[in-house]
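This report is written for a reader who wants to go from the overall fold to particular side-chain contacts. Please keep the sequence and the structure in view while reading.

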Amino acid sequence: MAGEKIDDESRTYYVVQSFSGPPHRPVLDEPYEAASKEAAASLAERLAPKKLAVVAFSRTGNFQTGEFEDAIVIASFGRIPECHDLRSEFT
């Protein structure tokens, strides 16, 4: 996976998550991993006109241990659905 190496175990991952469907029944699309902060922001901007909402974010952590810092939003387009399961991922 792409990502900026922080130490031997932690990496920063850049992800673009889009949402489709009507606002009252949003669906999570398959997330994209980007190679950099800039690439994530650019992809989010390109997807935005076709999606209900798009958010690009980074997370630093270790997949082996499952320990991650809170997500940092890089770019956001549209309104992230207010469904509790979805919003908790980005707050």
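The paragraphs below treat the fold, one central strand, a charged pair and its surroundings, and a group of aromatic rings.

**Overall fold**

The coordinates belong to a predicted model, and the protein chain in it contains two helices and seven strands. Followed along the sequence, these elements come in the pattern β-β-β-β-α-β-β-β-α. Of the 91 residues in the protein chain, 33% are buried, and the accessible surface comes to about 6000 Å², with 49% of that area belonging to carbon and sulfur atoms. Among contacts between residues at least 6 apart in sequence, 52% join residues that are at least 24 apart.

**Strand E2 and its partners**

Strand E2, which covers residues 11-20, is mostly covered, since eight of its 10 residues are buried. The pairings of E2 with other strands are listed here.

| Strand pair | Sense | Bridges |
|---|---|---|
| E2 and E5 | antiparallel | nine |
| E2 and E4 | antiparallel | three |
| E2 and E3 | antiparallel | two |

Individual residues show how these pairings are laid out: Phe19 has Ala53 as its bridge partner in E5 and stands opposite Leu28 in E3, while Val15 has Glu33 as its bridge partner in E4. The connection from E2 to E3 is a hairpin with six residues between the strands, and Gly21 in the turn has a positive phi of about 90°.

**The charged pair and Ser18**

Side chains of opposite charge can pair when their charged atoms come close. How many salt bridges does a search of the whole structure find? The search finds one, and this salt bridge is formed by Asp29 with Lys51, whose closest N and O atoms are 3.2 Å apart. Asp29 lies in the loop between strand E3 (27-28) and strand E4 (32-34), and Lys51 lies in the loop between helix H1 (37-47) and strand E5 (53-62), so the pair ties together parts that are 22 residues apart in sequence. Is each partner buried or partly exposed? Asp29 is buried, because its relative accessible area of 16% falls under the 20% cut-off, whereas Lys51, with 28%, is partly exposed.

Ser18, a residue of strand E2, is also buried, at 1% relative accessibility. The side chain of Ser18 makes a polar contact of 2.6 Å with the side chain of Asp29, and Asp29 is also the acidic partner in the salt bridge with Lys51. Leaving aside residues up to four places away in sequence, Ser18 touches Val27, Leu28, Asp29, Lys51, Ala53 and Val54, a list that includes both partners of the salt bridge.

**The aromatic cluster**

Two aromatic pairs are found in a search of the whole structure. Tyr13 and Phe63 form an edge-to-face pair, 4.9 Å centre to centre and with 75° between the planes. This pair links distant parts of the chain, as Tyr13 is in strand E2 and Phe63 is in the loop between E5 and strand E6 (67-68), 50 residues apart. Tyr13 is buried, with a relative accessible area of 10%, but Phe63 is exposed, with 52%. Phe63 also forms an edge-to-face pair with Phe68, in which the centres are 5.1 Å apart and the planes meet at 75°. Phe68 is partly exposed, with a relative accessible area of 27%. Through these ring pairs, Tyr13, Phe63 and Phe68 are linked into a cluster.

Methods:
Residues numbered from 1 in each chain as written. Predicted model: local features only at pLDDT ≥ 70, side-chain atom pairs only at ≥ 80, totals over all residues. Heavy atoms only, no water. Salt bridge = Lys/Arg side-chain N within 4 Å of Asp/Glu carboxyl O. Helix = DSSP H or I, 4+ residues; strand = E, 2+ residues; numbered from the N terminus. Buried < 20%, exposed > 50% of the residue type's maximum accessible area, 1.4 Å probe, protein only. Polar contact = N/O pair within 3.5 Å; in protein donor to acceptor, adjacent residues only side chain to side chain. Contact = heavy atoms within 4.5 Å. Areas by Shrake-Rupley, 256 points an atom, 1.4 Å probe, with all protein chains shown as cover. Phe/Tyr/Trp six-rings, centres within 6.5 Å; stacked < 30°, edge-to-face > 60°. Pairing = 2+ DSSP bridges.
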